[in-house]
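Trainee: I have not worked with this structure before. Could we go through it together, one part at a time?

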Amino acid sequence: MAENLTVQVKDLTVYRGNYLALRDISFELPAGTNTAVVGPNGAGKSTLVQSILGLIPRATGTVEIIGRSPEKLGGLRSRIGYVPQNFKFDRTFPISVAEFVGLGWKKRGKSRQKLAILDKLPWKQDPQKIAAVENALQRVDADRLKERAIGQLSGGQLKRILLAYCLVTPKDLLVLDEALAGVDLQGESDFYRLLEELKREQNWTILQISHDLDMVNRHCDRVLCLNQTIVCSGHPDIALHPDNLLATYGPEFARYRHHH
Ligand SMILES: Nc1ncnc2c1ncn2[C@@H]1O[C@H](COP(=O)(O)OP(=O)(O)OP(=O)(O)O)[C@@H](O)[C@H]1O
């Protein structure tokens, strides 16, 4: 796999039960790019990101992610952030926002082995971790929520906290499945600004599923139009051309235009 590629997918086919959800998918994500996956409901967008991450099995084809197959990432898994479409958890579980975001903290490299046993005790406060959690919460404008129980968050607040969880340590790849559903307009533009910064400053590769074609047009470098297979791909100017959208969405496209 070429060094500047974060993800390489070749001839990927995936079934959900007996249903052929994806067929013959091939594409690459160069490092430091922000790619959107668009397509109608049921097109296979979530299936695509879940199979790339190794969460559901592939029928045929190969996926390489930071140079390895998703099942063999080992410790490199901490270099990948994922915000799922639906994050289900027991809302009565007593964990604060700061504690939850802190779960994203991983000591990396040699420093882990060198840690003295006393430093590993759960009540030992790690100043680096505390700073990383605070920084992540500030970046998603949620520092005021840090003492709140995560079970008490609104849908949009929870999305921000899931993103903060991904920001605690640096990433090579951030995968977002409709991460903005439920986020208000201000939150939406702040969010895209943040993605822009992460991409530019830290060379993060971003793969996001979105239904907001205007946002995709404004903020993404590349688009994959998906409907069971890749109907077209490329720069938003090309991929989002009405002819390509009609080919991707079919009759639903007219309804989409009507509502947006
Ligand atoms: N666990 C499952 N078992 C069987 N079929 C499934 C399962 N999950 C998804 N499917 C089917 O696979 C197809 C692709 O679903 P997927 O969730 O990937 O679509 P999507 O493009 O993400 O849709 P949406 O925009 O509605 O979120 C759909 O036809 C769906 O009904």
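Mentor: Certainly, and please keep in mind that the model is predicted. Let us begin with one residue pair: Q8 has E28, in β2, as its bridge partner.

Trainee: How many bridges pair strand β1 with β2, and in which sense, parallel or antiparallel?

Mentor: Strand β1 covers residues 5-16, and it pairs with β2 over 8 bridges in the antiparallel sense. A helix, α1, packs on the sheet and touches β1, β2 and β4. The direction of α1 makes about 120 degrees with that of β1.

Trainee: In what order do the strands of that sheet come?

Mentor: The order is β2-β1-β4, an open sheet of 3 strands with antiparallel pairing. β2 and β4 are the edge strands, each pairing on one side only. From one strand to the next, the twist averages 15 degrees.

Trainee: Let me ask about T62. Which strand holds T62?

Mentor: T62 is in strand β4, which spans residues 60-65. The C-alpha atoms of T62 and Q8 are separated by 8.1 Å, although the two residues are 54 apart along the chain.

Trainee: And why does T62 count as partly exposed?

Mentor: The reason is the count of neighbours: T62 has 13 C-beta neighbours inside 10 Å, so it counts as partly exposed. A residue with 12 or fewer would be exposed, and one with 20 or more would be buried.

Trainee: Now the other sheet, please. Which strands form it, and in what order?

Mentor: It is an open sheet of 6 strands with mixed pairing, in the order β5-β6-β7-β3-β8-β9. β5 and β9 (229-234) stand at the edges with a single partner strand each, so one side of each has no neighbour in the sheet. On average, neighbouring strands are turned by 15 degrees against each other, direction ignored.

Trainee: Why is strand β6 described as largely enclosed?

Mentor: Strand β6 covers residues 173-177, and 5 of its 5 residues are buried, so the rest of the structure largely encloses it. L173, V175 and D177 point one way from β6, while L174 and L176 point the other way.

Trainee: What does β6 pair with?

Mentor: Strand β5 (residues 80-83) runs parallel to β6, and 4 bridges join them. Y82 has V175 in β6 as its bridge partner. β6 also pairs with strand β7 (residues 205-209) in the parallel sense, over 5 bridges. There, Q208 in β7 is the bridge partner of L176, and L174 stands opposite I206.

Trainee: Which helices belong to this region?

Mentor: Helix α6 (residues 185-202) joins β6 and β7 in a right-handed β-α-β unit. Helix α5 (residues 155-167) lies across β5 and β6, at about 170 degrees to β5. α1 lies across β3 (34-38), β6, β7 and β8 (222-227), and runs at about 145 degrees to β7.

Trainee: Changing topic, which residues surround the ligand?

Mentor: Among them are R16, Y19, N41, K45, S46 and T47. By class, the shell has 3 nonpolar, 7 polar and 2 charged residues. β2 (19-30) and α1 (45-52) each supply at least two residues of this shell, and α1 gives the most, with 3 residues.

Trainee: Finally, how many helices and strands does the protein have?

Mentor: The protein has 10 helices and 9 strands. Of its 260 residues, 35% count as buried.

Conventions. Residues numbered from 1 in each chain as written. Predicted model: local features only at pLDDT ≥ 70, side-chain atom pairs only at ≥ 80, totals over all residues. Near = placed C-beta within 6 Å. Nonpolar A, V, L, I, M, F, W, Y, C, P; charged D, E, K, R; others polar. Pairing = 2+ DSSP bridges. Axes fitted to C-alpha atoms, helices over the stretch in contact; angles between N-to-C directions. Contact = placed C-beta atoms within 7 Å. Right-handed = clockwise from strand over helix to strand, strands pointing away.
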